[in-house]
Amino acid sequence: MRRSPSRREVLLRTLAIAGVGAMPRAIAAERPRRSDLDDILKARIAAGDAPGVVAMAATDKSIIYDGAFGARCLGTATKMSDDTVFRIASMVKLLTSVAAMQLVESGKLRLDEPAENIDPTLASPLVLTGFDAHGKPQLRPAQKPLTLRNLLTHTSGFSYPLWDANVIRYQKAAHGDKTLPKRPLMFDPDTRWAYGGSIDKVSRLVEIASGVTIDRYFRERICGPLGMTNTAFEIGPQQRAREASLHVRQPDGTLKPKPLEKPSEGPKVFSGGGGIYSTAPDYLTLLQALLNKGSLRGATILRPESVALMSKNQIGDIEAGIMKTTSPALSNDVDFFPGNHLRWGFGSMINLDPVEGGRKAGSLTWAGLYNTYYWLDPTSAVAGVIMMQILPFADSRALGVYRQFERGVYRTLKAA
């Protein structure tokens with residue numbers, strides 16, 4: 001079966017036919033330096049750091065890099081291309097945060113009012129304070145109501161069991177006891193940061209305030225206007241044919257592919273905390289819109305002041321972004337920037353210090369469980385996305401690919 005040419009290949013053929021001089025000046029000037037980034041990614045694939053990768057970067061004005069290398073699934077002839085579909089997991093949280101800020105703009109949601117005013121299930125939250133001598137959970141009422149601000153910044157008290165041993169202990173102790181809440185807070189709102197199901201709660205607030213399901217909201221208010229046609233909770237046969245397989249890192253460092261997940265049957269319930277598909281070009285489009293203060297190619301998804309709020313440290317001196325795994329098969333310990341002061345905005349982690357050879361202070365970033373990553377650097381007016389499909393999360397070799405790609409992008413910008 002003949003493979004359709006990627007956008008990158010089409011561009012190269014156009015250059016060959018028309019001549020470099022006929023192309024826009026910025027593209028022609030950048031072309032010789034792109035080979036450095038190609039070589040970096042090819043070398044990492046050859047070394048077994050990832051089975052395949054799609055990586056892209058853009059300034060606020062244009063795409064400056066687009067590369068796809070390796071295989072969608074090891075042991076097959078299916079090659080990565082820029083339209084390869086990935087499960088991006090928690091990278092959907094940025095879309096949900098954008099959706100919430102749209103509703104803040106319209107007055108349907110407010111950052112600092114009790115979230116229970118919109119969703120009564122968030123009323124009277126209980127906080128886990130510990131366990132008694134028999135292992136029974138000890139709970140008390142939270143000292144303040146939950147707000148949208150708490151939920152957007154992960155200062156709500158909700159925490160994922162994957163990175164919180166107390167959640168696992170609570171779940172075991174509370175199993176079968178209907179008098180105990182399923183998901184108590186692990187701390188009082190505004191007192192700590194913990195990565196958890198907060199954005200799932202935001203997703204429900206969006207649905208209630210807008211009157212439509214989160215998948216429809218994304219389609220009508222974000223993905224549709226921006227032309228993100230490959231970003232959805234459900235994908236069709238054509239997109240599934242372009243999906244990358246998940247690979248699991250083995251003890252000897254090799255990667256073992258897993259079969260593609262089967263489409264689920266029955267009623268579909270989606271949440272804005274995870275479980276979405278996308279492509280690198282689609283996600284880069286969202287990042288470019290944010291780089292451009294909320295607008296791109298005639299479509300506006302947010303006002304500039306809302307984008308500025310999302311990009312600002314919203315948690316003061318509370319440390320963020322460091323997570324200790326409870327399941328090494330699913331995730332390594334997470335500390336993307338050791339020694340860097342990390343905070344949280346509305347939707348992304350913020351590094352307060354510059355990263356050597358890479359992003360400037362005040363850049364935004366986050367990731368998905370299967371080693372998909374993005375960053376957005378407002379100071380340098382550049383954003384990047386890199387997609388792989390590997391477990392565990394924060395795989396050291398996948399992170400190495402990401403870091404080398406980022407540094408390569410900044411070297412390209414410096415040389416321009």
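Select D83 in this predicted model. D83 is partly exposed, with a relative accessible area of 31%. Now add R242, which forms a salt bridge with D83; their closest N and O atoms are 3.9 Å apart. The two residues come from distant parts of the chain, 159 residues apart. D83 sits in the loop between β2 and β3 (86-87), and R242 in the loop between α8 (237-240) and β6. Is R242 buried or exposed? With a relative accessible area of 18%, R242 is buried, because the cut-off for buried is under 20%.

**More salt bridges**

The whole structure holds 19 salt bridges. Select R140 and D188 for another of them: their side chains meet with N and O 2.5 Å apart. R140 lies in strand β5 (residues 137-141) and D188 in the loop between α5 (165-174) and α6 (198-210), so the salt bridge ties together parts that are 48 residues apart in sequence. D188 is buried, at a relative accessible area of 6%, whereas R140 is partly exposed, at 28%.

Go next to helix α7 (residues 214-226) and pick out R216 and E220. How far apart are R216 and E220 in the helix, and what does that spacing amount to? They are four residues apart, about one turn of the helix. Their side chains meet in a salt bridge, with 2.7 Å from N to O. R216 is partly exposed, with a relative accessible area of 38%, and E220 also counts as partly exposed, at 44%.

Then select R87, R240, E243 and E261 together. These four residues are linked in a network of salt bridges.

**Strand β1 and its partners**

Select residues 52-59, which make up strand β1. How many of its eight residues are buried? Eight of the eight are buried, and the strand is mostly covered. Show the side chains and look along the strand. G52, V54, M56 and A58 point one way, while V53, A55, A57 and T59 point the other way.

Strands of a sheet pair through backbone hydrogen bonds, either parallel or antiparallel. Add strand β2 (residues 63-70), which is joined to β1 by seven bridges and runs antiparallel to it. A hairpin of three residues connects β1 to β2. To see one facing pair, select A58 and I63: A58 stands opposite I63 in β2.

Now add strand β15 (residues 382-387). β15 also runs antiparallel to β1, with six bridges between them. Here the bridge partner of T59 is V382.

**Strand β13 and its partners**

Move to residues 363-368, strand β13. This strand is mostly covered too, with six of its six residues buried. S363, T365 and A367 point one way from β13, and L364, W366 and G368 point the other way.

Bring in strand β12 (residues 349-351), which pairs with β13 in the antiparallel sense over three bridges. M349 stands opposite T365 here. Next show strand β14 (residues 372-377), antiparallel to β13 over five bridges. G368 stands opposite T372 in β14. β13 and β14 form a hairpin with three residues between them. Select N371 in that turn: its phi is positive, about 65 degrees.

**A three-strand sheet**

Show β7, β6 and β16, which form an open sheet in the order β7-β6-β16 with mixed pairing. Which strands are at the edges? They are β7 (255-257) and β16 (390-391), each pairing on one side only. Strand β6 (residues 247-249) and β16 run parallel and are joined by two bridges. For one of the paired positions, select H247 and its bridge partner in β16, I390.

**Two cavities**

The last stop is inside the protein. The structure holds two cavities of 30 Å³ or more. The largest has a volume of about 70 Å³. To find it, select L94, L290, V307, M310, S311, F346, S348, L364 and L376, which line it. Of these lining residues, seven are nonpolar, two are polar and none is charged. L364 has come up before, as one of the buried residues of β13.

The second largest cavity contains about 40 Å³ of space. Its lining is L109, R110, E113, P114, A115, I118, L148 and L205. How many residues of each class line the second largest cavity? There are six nonpolar, no polar and two charged residues.

Notes
Residues numbered from 1 in each chain as written. Predicted model: local features only at pLDDT ≥ 70, side-chain atom pairs only at ≥ 80, totals over all residues. Heavy atoms only, no water. Buried < 20%, exposed > 50% of the residue type's maximum accessible area, 1.4 Å probe, protein only. Pairing = 2+ DSSP bridges. 1 Å grid on protein atoms, 1.4 Å probe; cavity = no way out; pocket = protein on both sides within 12 Å on 5 of 7 lines; lining within 4 Å. Points joined across faces, edges and corners; volume = space filled by probe spheres on them. Nonpolar A, V, L, I, M, F, W, Y, C, P; charged D, E, K, R; others polar.
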